[in-house]
Amino acid sequence: MIIGCPKEIKVQEYRVGLTPDNVRAYVEAGHTVYIEHQAGVAIGFTDQDYLDAGAVLATKAELFAQAQMIIKVKEPIAEEYHYFKPNTILYTYLHLAADRELTEMLVAKNIAAIAYETIKTPQGLPCLQPMSQIAGRLAAIESTKFSQITFGGRGVLFSGVPGTPKGKVLILGGGVVGLNAAQIAMGMGADVTIMDVDANRLAYIDQMFDMRIKTLFSTRENILAELPTADAVIGAVLIPGAKAPKLVRREDLQLMKPGAILTDVAIDQGGCFETSKATTHNDPVYIVDGVVHYCVANMPGCVARTSTIALTNSTLKYGLELASKGVVAACTLDPALKAGLNTYQGHITFPGVAQAFALPYVEADQALAS
Ligand SMILES: NC(=O)C1=CN([C@@H]2O[C@H](COP(=O)(O)OP(=O)(O)OC[C@H]3O[C@@H](n4cnc5c(N)ncnc54)[C@H](O)[C@@H]3O)[C@@H](O)[C@H]2O)C=CC1
Ligand SMILES: CC(=O)C(=O)O
Ligand SMILES: [Mg+2]
């Protein structure tokens with residue numbers, strides 16, 4: 001198969017869909033790989049590294065014209081739509097339930113779109129997990145940074161020092177993001193509470209932290225009870241493939257301390273705070289009713305080298321399946337990959353996406369057989 005990997009163009013996004021080692025694996029499997037000039041240079045992967053691995057260097061326009069499958073990191077943004085030719089395979093993060101225009105473009109152009117974030121094994125979401133690990137760890141770091149008064153926060157040091165209160169961190173959602181945020185926040189010495197609707201997950205977290213973390217079932221009442229004392233709230237919920245539930249409403253902000261921070265990691269699925277709107281690494285925070293909001297939708301992009309290696313460790317396996325077998329056989333043979341199929345032949349094949357926009361849904365099996 002002919003594969004194309006363009007340079008990412010989102011603000012401050014330096015990750016790349018394929019490392020030179022990945023290129024070598026595709027080439028050894030008999031595929032041709034086009035890489036955009038300078039696609040990985042910001043994180044130390046030079047054009048020469050890609051050439052040595054067997055890639056062909058190309059412009060964005062050339063590689064989109066040639067490729068049967070595009071491998072990216074982030075969901076395409078409007079400036080990229082015109083490059084897509086009909087019937088291409090697209091393998092990348094998509095977060096379609098939060099992006100109607102992109103969904104419509106993929107449907108209109110019969111793109112076979114496989115979303116990293118909905119590929120699902122019995123163990124979890126293997127291509128979301130590495131970025132969630134990174135975003136969770138960063139969420140604790142960014143929350144502490146923007147709690148500094150010089151960055152607009154309350155002037156709270158999360159660890160405190162002997163004789164002072166610790167910073168209080170409330171984490172909504174105890175999945176991969178939540179657990180990793182808790183590890184770093186606990187490591188910094190903060191007073192951490194974690195909420196989830198999954199009692200088994202809370203039991204696991206309680207054991208993992210040897211009962212040193214407070215766990216609460218996620219209910220409206222419990223959230224309202226915790227907000228007044230929180231210095232930082234980290235939004236880390238996920239209903240896979242669907243829009244995030246709004247757990248903190250605008251009117252709830254008045255309960256919070258001035259200068260407290262809401263860090264909405266779930267912003268890529270629309271955000272779990274009513275007042276969240278996506279921000280970028282160039283301008284990551286804004287203030288609503290005295291509460292700092294951090295809502296960067298591509299958090300791992302700021303540690304792009306670690307993120308690229310972690311991401312491609314997971315995506316390579318499925319990418320090779322797609323390239324070697326084609327979409328129909330690969331998805332039919334591997335249920336994990338079938339769960340990743342969001343659009344195919346003009347149909348929406350992921351229920352959460354169809355529901356988000358009240359558009360027709362066709363089961364992946366049916367679409368693949370058509
Ligand atoms: N902004 C960014 O750069 C990044 C964002 N993310 C996003 O972070 C979010 C979380 O991802 P993961 O931790 O991997 O998901 P996950 O599936 O591992 O965990 C989500 C957790 O939320 C819980 N949950 C669902 N509804 C809840 C509710 N009402 N209250 C409390 N908990 C609830 C689930 O039980 C689950 O334990 C996703 O939207 C993901 O796309 C991930 C990586 C980077
Ligand atoms: C998960 C995601 O969208 C990201 O890492 O940017
Ligand atoms: Mg996004």
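## Around Arg-15

Arg-15 is a good place to start: leaving out residues up to four places away in sequence, it touches Glu-8, Val-73, Pro-300, Gly-301, Ala-304, Ser-307, Thr-308 and Leu-311. Bear in mind as you look around that this is a predicted model.

Arg-15 itself sits in the loop between β1 (2–5) and α1 (20–28). Is this residue buried or exposed? Arg-15 is buried, because 29 other C-beta atoms lie within 10 Å, and the cut-off for buried is 20 or more.

## Lys-74, a partner in the record

UniProt, in an unreviewed entry, places the feature "binding site" at Arg-15 and Lys-74. These two are spread over 60 residues of sequence, yet they cluster in space, with a largest C-alpha distance of 8.8 Å.

Lys-74 also belongs to a loop, this one between β4 (69–71) and α4 (78–81). With 20 C-beta neighbours inside 10 Å, Lys-74 counts as buried. Setting aside residues up to four places away in sequence, Lys-74 touches Glu-8, Lys-10, Glu-13, Thr-92, Tyr-93 and Asn-298. Glu-8 is thus worth finding on your screen: it appears among the contacts of Arg-15 and among those of Lys-74.

## Glu-321 on a helix

The "binding site" annotation from UniProt (unreviewed entry) also covers Glu-321. Here the setting is helix α10, which runs over residues 304–333. Glu-321 has 18 C-beta neighbours inside 10 Å and so counts as partly exposed.

Which residues does Glu-321 contact, leaving aside its neighbours within four places in sequence? They are Ala-330, Asp-334 and Leu-337.

## The shell around ligand 1

Ligand 1 is surrounded by 35 residues, and the closest are Ser-132, Gly-173, Gly-175, Ser-218 and Met-299. Three elements give two or more residues to this shell: α6 (129–145), α7 (176–187) and β8 (191–196).

What kinds of residue make up the shell around ligand 1? They divide into 22 nonpolar, 8 polar and 5 charged.

## Two domains and their contact

Now step back to the domains. Domain 1 is made of two stretches, 2–110 and 305–368, while domain 2 covers 128–302. Measuring tape aside, the computed separation of their centres, taken over C-alpha atoms, is 30 Å. The contact takes 21 residues from domain 1 and 17 residues from domain 2.

On the side of domain 1 that touches domain 2, the elements giving two or more residues are α10 and α12 (351–357). The largest share, 6 residues, comes from α10, the helix that also holds Glu-321. By type, the residues on this side of domain 1 divide into 9 nonpolar, 8 polar and 4 charged.

## The chain as a whole

Finally, the overall picture. The protein chain has 13 helices and 15 strands, and its C-alpha atoms fill a box of roughly 65 × 45 × 35 Å along the principal axes. For 370 residues, a compact globule would have a radius of gyration near 21 Å, and the 21 Å of this chain agrees with that.

Of the 370 residues, 52% count as buried. Taking contacts between residues at least 6 apart in sequence, 65% join residues at least 24 apart. The contact of Arg-15 with Pro-300 is one to look at in this light.

Notes: Residues are numbered from 1 along each chain as its sequence is written. Chains are lettered from A and ligands numbered from 1 in the order in which they are written. This is a predicted model: local features need pLDDT of at least 70, side-chain atom pairs count only at pLDDT 80 or more; totals for chains, interfaces and linings use all residues. Helices (H or I, at least four residues) and strands (E, at least two) are DSSP runs, numbered from the N terminus. The radius of gyration is taken over C-alpha atoms; the globule rule is 2.2 Å times the number of residues to the power 0.38. A residue is buried if 20 or more other C-beta atoms lie within 10 Å of its own, exposed if 12 or fewer, and partly exposed in between; C-beta atoms are placed from the backbone. Two residues are in contact if their C-beta atoms, placed from the backbone, lie within 7 Å. A residue is near a molecule or strand if its C-beta atom, placed from the backbone, lies within 6 Å of it. Ala, Val, Leu, Ile, Met, Phe, Trp, Tyr, Cys and Pro count as nonpolar, Asp, Glu, Lys and Arg as charged, and the others, Gly among them, as polar. UniProt positions are given in the numbering used here, feature names are shortened, and annotations may be inferred rather than shown by experiment. Domain bounds come from an automatic or database domain assignment.
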